[in-house]
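Please open the model in a viewer and keep the sequence panel beside it. The tour below proposes a series of selections and describes what is found at each.

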Amino acid sequence: MPATGDGRAPGATDSPGAQGGARPGHAQNRPAPDAPARGSAADRAAHRAPERAPTPEQHPARPPERRADRRSARPANASAPIPHPRSKATGGPAAAPSTGPAVPPATAPLKLLVIEDDATDAQLLKAAVADSGAPIEIHWTRGLDQAFGLLAPTPSGSRRTRSRGGDPGRNSDFSCVLLDLAAPADLPHPSDPSDGLEGLHELLRRAPHTAVVVLTDAAGAELGAAAVAAGAQDFLIKNETDGPLLARALRYAVERKRADESQRRLVEAELRGQENARLQRHLLPTPLLDGANLSFTRRYRPGRRRALLGGDFYDAVRTDDGTVHVVIGDVCGHGPDEAALGVALRIAWRTLVFAGLTGETLLTTLQHVLEHERRSDEIFATLCMLIIEPADDGTPGAVERARLYLAGHPPPLLLGDGHTPIGLPAEHAGPALGLLPCDDGQAVWPAHTFELNRGWRLLLYTDGLIEGRIGAGSRRLGQDGLAELIGDHQSAGLTRGRLVDSAIAEVEELNGGALTDDVAVLLLERNPVQLILG
């Protein structure tokens, strides 16, 4: 890193703890006179003129890549293809020419603490620094006790300027410590007095974020190597060290310490990320459907980057009487607080089901849980709950009855073999949980009862799947668009996991990119052969 200033090292004083001379001066950045505008006239005109929208002749619409016959039968507004991304015009604001060369910022001096009990050796070190011409600010102490006073952590709340290589709020911002291993340690409880490094051990404990270089005599080269193995960044031999070597070693020690600290923080971040990933994976439910003879396929995609869990939640359990209970919900928002609230609601729902609650009684209790767990009164959750009762005669393939409860949530799709999926009616839907008080009867969730014939399939989803845009306009996919899309994929012979995955992929394709909201999809199918979790 190039040094700046007048090139003179600070002078030296003989009193311990005093700063060695004045700091090197920094180059002053003076405002340059106004320069004429650079670039061609066309560039300047493009910089001044606003960007015009391209005409249809300039960017023709891209024809659909697949299912052209089906898309042509749709209404005109539903068949709009995804347009090409608009490119930025050359010479626009993002390509504005620079008005002059960039001036690099001045480099702050390296702040060095020398621990040396011999005043003559301290003066020699200061003279070597002066000969090197490097911007190094020297502080000298005779022993560790005085050095620890200077290395004491900065009190919390104070604002300190930071030297190059220092750590704000730590160790008085010293970039490096130069420790003479011959200096007396004077420690009441040395960690290991047998190896001659007790002073270094204590220094590393007191100043873990500061680079350390040790000094030894010619006979102590092995001790210097042991000091590096113990945690020092480098060692120097007194009689073989000149000014340039000393300056280079100090800069190397600071950069090596910074690299070690960056690597340590990276490893800690990776470990935290792995721990969070394991935690979030365990927070996703394992459906309890033993003996239900159902195929259960689920897909879950949080809207947050680098997250495994969002505000959406789902669960499915089978009680002792053979009834299957399924829930899917969505807490407004998709941050970590919403994810935690979604987990709390899911666990509460499963507990209430096994406690024997169902229908409006369960939803009322679940709203009370939401009201106590949410961080603000504006937080609400939508929910779809499905209760599938066993057939009366118990024979496979018999007609089953189901009850549907909607709390501000989109209704499921009933998939058929020879027709487009049908959305279940939503006229009996109640408000989302947490919007209206339920104690005075304002929030009610009536049930919709319907029959499930042989080979039935139900698709439950959150609104993140249907709120994606179609092309560059403002039109959303919606429930009707999703039903048509699922029907097309069924006609292509896709089932279960392949059906859900291909549907999500096309929704993202129509959206022009990944969906920003959390997405949860459940596909529940009557399967009298075996239980399959997809």
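**Two helix pairs**

Begin by selecting helices H10 and H11, which cross in a right-handed manner. This is a predicted model, and the values along the tour are computed from it. H10 covers residues 478–491, and its axis lies 10 Å from that of H11, at an angle of about 130°. That angle makes the two helices oblique to each other. To display the contact, show Leu485, Ile486, His489 and Gln490 on H10, together with Leu499, Ser502, Ala503, Glu506, Val507 and Leu510 on H11.

Remain on H11, which spans residues 496–511, and select Arg496. Phi of Arg496 is near 50°, a positive value in a residue other than glycine. For background, most residues other than glycine have a negative phi. Arg496 is partly exposed, because its relative accessibility is 27%.

Next, select helix H8 (residues 336–354) and helix H9 (residues 359–373), whose axes are 10 Å apart and which pack at an angle of about 150°. H8 is therefore roughly antiparallel to H9. The residues that make the contact are Leu341, Leu345, Ala348, Trp349, Leu352 and Val353 from H8, and Leu362, Thr365, Leu366, Val369, Leu370 and Glu373 from H9. The crossing of H8 past H9 is right-handed.

**The nonpolar cores**

Which residues touch the most other members of the largest nonpolar core? Select Val326, Leu386 and Ile388, which hold that position among the 28 residues of the core. Then centre the view on Val326 and display its contacts, leaving aside neighbours within four places in sequence: Asp315, Ala316, Trp349, Cys384, Met385, Leu386, Leu460, Leu522 and Leu524. Apart from the largest core lies another, of 25 residues, including Phe313, Leu345, Ala381 and Ala407. As a general point, nonpolar side chains in soluble globular proteins tend to be buried together.

**Cysteines**

Select Cys384, one of the contacts of Val326. Is Cys384 buried or exposed? Cys384 is buried, because its relative accessible area is 1%. Move next to Cys176, which also counts as buried, at 0% relative accessibility. How many disulfides does a search of the whole structure find? The search finds zero.

**Helix H5 and its cover**

Select helix H5, residues 198–206, and colour Glu198, Gly199, Leu200, Glu202, Leu203 and Leu204, which are buried. What covers these buried residues? The cover includes helix H4 (144–150), strand S3 (176–180), strand S4 (211–216) and helix H6 (221–230).

From here, follow the loop between S3 and H5 to Ala183. This residue is buried, because its relative accessible area is 14%. Leaving aside neighbours within four places in sequence, Ala183 is in contact with Ile115 and Asp117. Draw a distance between the C-alpha atoms of Ala183 and Ile115: they are separated by 7.4 Å, although the residues are 68 apart along the chain.

**A loop asparagine**

Now select Asn293, in the loop between helix H7 (243–283) and strand S6 (294–301). Asn293 is not a glycine, yet it has a positive phi of about 55°. Asn293 counts as partly exposed, because its relative accessible area is 35%. Add Arg526 to the selection and draw the C-alpha to C-alpha distance: Asn293 and Arg526 are 6.7 Å apart in space and 233 residues apart in sequence.

**The whole chain**

Finally, clear the selections and return to the full view. The chain has 11 helices and 16 strands. Of its 534 residues, 42% are buried. Among contacts between residues at least 6 apart in sequence, 69% join residues at least 24 apart.

Technical notes
Residues are numbered from 1 along each chain as its sequence is written. This is a predicted model: local features need pLDDT of at least 70, side-chain atom pairs count only at pLDDT 80 or more; totals for chains, interfaces and linings use all residues. Side-chain values use heavy atoms; hydrogens and water are left out. A disulfide is a pair of cysteine sulfur atoms within 2.5 Å. Buried means under 20% relative accessible area, exposed over 50%, partly exposed in between (1.4 Å probe, protein chains only). A nonpolar core is a set of buried Ala, Val, Leu, Ile, Met, Phe, Trp, Tyr and Cys residues joined through side-chain atoms within 4.5 Å. Contact means heavy atoms within 4.5 Å. Axes are lines fitted to C-alpha atoms, for helices over the stretch in contact, and angles run from 0 to 180 degrees between N-to-C directions. Helices (H or I, at least four residues) and strands (E, at least two) are DSSP runs, numbered from the N terminus. Angles under 35 degrees count as roughly parallel, over 145 as roughly antiparallel, 65 to 115 as roughly perpendicular and the rest as oblique. A crossing is left-handed if the near helix is turned anticlockwise from the far one by less than a right angle, and right-handed if clockwise.
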